[in-house]
Structures are given as structure tokens and as C-alpha cells.
Amino acid sequence: MKLHFFFFAIFLSLSFSFAPISARLFPNASSIPPWLSKNVPPAAWDAFRNFSGCHHGSNYDGLGKLKKYFNYFGYIPNSPSNFTDDFDDELESAIKTYQKNFNLNVTGQLDANTLQQIVRPRCGVADIINGTSTMNSGKVNASAASNDLHFHSVSHFTFFPGNPRWPAGTETLTYAFLPANRLTDEVKSVFATAFDRWSEVTTLNFTEAPSYQLADIRIAFYSGDHGDGEPFDGPLGTLAHAFSPTNGMFHLDGDENWVVSGDVTQSTLSTAVDLESVAVHEIGHLLGLGHSSEAEAIMYPTISSRTKKVTLADDDIQGIQQLYGSNPNYNGSTTMTTTKQNDSSHAGRRFSMVESTRGLLLLIVVGLAHVIL
Ligand SMILES: [Zn+2]
Ligand SMILES: [Zn+2]
């Protein structure tokens with residue numbers, strides 16, 4: 001009897017999952033139907049542009065939402081109550097840190113350049129995690145300090161707090177796709193290419209595994225709230241997030257208009273996002289890299305729509321090689337070709353709420369079953 005309840009509990013806990021979506025994936029820019037460009041809904045943070053010129057000491061309708069944004073990305077600590085609409089010291093300080101991280105004039109004001117950066121699509125991973133990460137540390141690259149060619153080299157790469165990485169001796173990491181997303185081979189090959197860019201410069205290799213549950217890295221497209229406490233927000237805004245080692249979760253916003261291959265810069269749709277660019281960035285997080293203030297780096301947090309940016313910068317390579325060492329075959333320059341510029345990024349701190357929620361539910365149901373019996 002108890003066993004019967006046990007299996008019932010397992011069934012219940014497994015069915016407590018978040019419905020995946022079929023992602024909006026377009027094989028290339030010209031396959032996007034023209035009607036989509038006609039009625040583009042407002043992007044997630046467009047309303048923030050209205051705060052241009054707001055002053056410290058005053059109150060503005062909706063400013064609390066901007067504070068929430070800064071809180072989400074680590075610039076304002078968690079508040080015990082809702083964020084007010086006051087332009088207070090806390091917000092000013094957050095703006096200054098943000099401006100420093102993104103190489104803007106540090107004014108503490110919501111000027112046009114700052115707001116333009118704030119509304120840019122980006123990775124959902126915070127820039128400052130537990131108050132410790134410093135995107136713009138400007139540290140002198142120790143390994144390059146003795147090298148005359150790079151004497152003035154300054155690194156901006158970061159790691160997650162505690163420098164988590166996949167265990168020493170790891171040679172191959174497996175990855176798999178959420179079966180319910182039913183991705184085509186063409187889409188899967190984009191991720192394979194993105195993984196190759198990292199394996200080219202390190203000792204790591206990546207291989208697709210048949211089991212989603214058992215894979216080291218689990219890739220899934222989700223829409224909105226998907227159970228890990230970091231809901232997606234529709235077109236633009238946050239594009240994706242991935243978690244630090246050895247969690248392995250890599251989530252992409254299924255509501256983006258993802259362009260799988262070809263020249264995304266030719267898209268007529270203003271919200272088109274290049275899939276590989278975002279994948280290369282998120283894999284950096286999965287391996288242990290945080291955000292970099294180096295605008296050319298793959299690990300820079302933002303990427304504009306209709307932009308392709310897939311080549312690792314020196315900053316990315318220095319960071320990942322510090323964690324895993326260099327590929328003996330790596331000759332100092334990446335051989336893969338790139339198409340265009342710009343950046344992307346986000347997520348890594350919190351562990352799978354989906355898995356922990358399932359586990360908790362299972363415990364509760366099993367406990368109840370025992371009480372009843
Ligand atoms: Zn997620
Ligand atoms: Zn990121």
C-alpha cells in the first residue's frame with residue numbers, strides 16, 4: 001500500500017513541471033514573415049526611456065520598476081518592501097556603478113546614453129552577484145604583465161563568487177536539448193558550433209548526449225515563468241540565462257524572434273535576435289565566466305537585436321584559460337570566422353527551483369501518504 005502511494009507521489013511530482021513552448025525560431029532573416037514587422041510590441045524595457053532627465057530627490061511614476069531592474073542585475077540590494085518611485089541615494093549609487101561597468105560617464109544621472117544602454121537586450125545573469133562581482137575591475141593581466149607585447153593589457157573577465165568550475169580532470173561535458181522543444185538538427189548545430197568556439201581555446205570538449213536528465217548541460221527554450229525564479233519577459237529584455245558550474249541549466253526565452261543562421265543584420269524585424277551569439281555567451285556562464293565590462297568581449301552583458309557577435313575576444317580567452325588551461329592546439333588566434341559585432345549575456349547564481357520544487361513536493365506527498373497510512 002505504501003509503495004502504491006510512493007509511486008503516486010512520484011507521478012504527481014513529475015507532472016508538476018512547467019510547460020515548455022515551441023520557440024519562435026526562424027531558419028534565417030528572410031524567412032521571417034513580413035507581417036511580423038508591422039506590429040512589433042513594445043520591448044520589455046522601452047518605457048524606461050521616459051525617465052530621461054529625471055532628477056535625484058524627486059518622485060516619478062514607475063521609477064520603482066527601474067529600481068527593480070537594477071535589483072535584478074545586482075545593482076541594488078534586495079529590499080524588504082516594494083521599491084518606491086523616489087529618485088533616492090540608492091538609485092543614484094546604482095546608476096553610478098552601472099555607468100562604471102558599461103564604460104559610460106559616471107554622473108549618477110539618467111542621461112540619454114545611460115538609458116540607451118539600460119534598455120538594450122541582455123543576458124538575464126546579474127552583473128553583480130552577492131555584491132562581490134566587479135565587472136570593471138580593470139585588473140592588470142598577470143600572465144601578460146611580463147610580455148612586452150601585452151604589457152598594458154588589462155583584463156575585465158570575471159568569475160562567479162567562489163570561482164566555481166567543472167571539476168579538474170573534466171575533459172568532456174555532455175549537453176542535451178529539452179525533448180519537448182523538438183529542435184531541428186539545424187538549430188542543434190548552432191549550439192554545437194557555439195560549443196566549438198570554447199573548446200577551440202581550452203582543453204574541454206562537448207558532445208551531445210541522448211538523455212536530457214543525465215546531461216551535464218541542459219538546454220531549453222521556455223516562455224515567461226518557468227519555475228527557476230527568473231521568468232522571461234517576452235520580446236527583447238532578457239534573452240537567456242545560464243547557471244554557474246556545475247548546475248548546467250541553460251534557458252532561452254522562447255518568445256524572442258530567434259534567427260538560426262545567415263545574416264541577422266539584414267532582418268527587417270527589429271526584434272530579431274541571433275541565436276548563436278547568445279549561445280556563445282551563455283556557454284561562457286555554464287563554464288564559470290561572469291560578465292565583462294570589455295565591450296568587445298563575448299561576456300559583455302548586452303547585445304543589440306539584429307547583431308551577430310560570436311568570436312571570442314582576448315578577454316574571454318584569458319578568462320576561460322585561467323579556469324581550464326589552454327588547448328595545446330590553440331595557436332593564439334581563433335580560426336573560426338565571424339560575421340559582425342556587438343554583445344549579449346546573463347544568469348548564473350540561483351539553482352534550479354524546478355528541481356528543488358519537484359523534490360519538495362515529492363517529500364510532502366510522501367510524508368502525507370505515510371501520515372494517512
Ligand atoms: Zn530559467
Ligand atoms: Zn550573461
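Two strands are said to pair if DSSP finds at least two bridges between them. In this predicted model, strand 4 (residues 172-177) and strand 5 (residues 205-208) pair in the parallel sense over four bridges, and within this pairing Thr174 stands opposite Thr207 of strand 5. Between the two strands the chain passes through helix 7 (residues 185-199), and the resulting β-α-β crossover is right-handed.

A second point of interest is Glu282, which an unreviewed UniProt entry lists under "active site" and which is found in helix 8 (residues 275-287). Glu282 counts as buried because 31 C-beta neighbours lie inside 10 Å, where 20 or more are needed.

Helix 8 also matters for the description of the largest nonpolar core, since this core, which has 84 residues, draws its largest share, seven residues, from helix 8. At least three residues of the core come from each of domain 1 (2-44 + 125-133 + 170-372) and domain 2 (46-118). The residues with the most contacts inside the core are Phe70, Trp258, Val259, Val260, Val278, Ala279 and Ile283.

The table sets out the contacts of Glu282 and of Val260, leaving aside for each residue those up to four places away in sequence.

| Residue | Residues touched |
|---|---|
| Glu282 | Cys123, Ala240, Ala242 and Phe250 |
| Val260 | Leu25, Phe26, Pro27, Asn28, Glu186, Val187, Val190 and Leu275 |

Taken with the elements described above, Val260 touches Leu275, and helix 8 spans residues 275-287, while Glu186, Val187 and Val190 are also among the residues that Val260 touches, and helix 7 spans residues 185-199.

Definitions and conventions:
Residues numbered from 1 in each chain as written. Chains lettered and ligands numbered in written order. Predicted model: local features only at pLDDT ≥ 70, side-chain atom pairs only at ≥ 80, totals over all residues. Right-handed = clockwise from strand over helix to strand, strands pointing away. UniProt positions renumbered as here; feature names shortened; annotations may be inferred. Buried ≥ 20, exposed ≤ 12 C-beta atoms within 10 Å, placed from the backbone. Contact = placed C-beta atoms within 7 Å. Core = buried A, V, L, I, M, F, W, Y, C linked by C-beta atoms within 7 Å. Domains from an automatic or database assignment.
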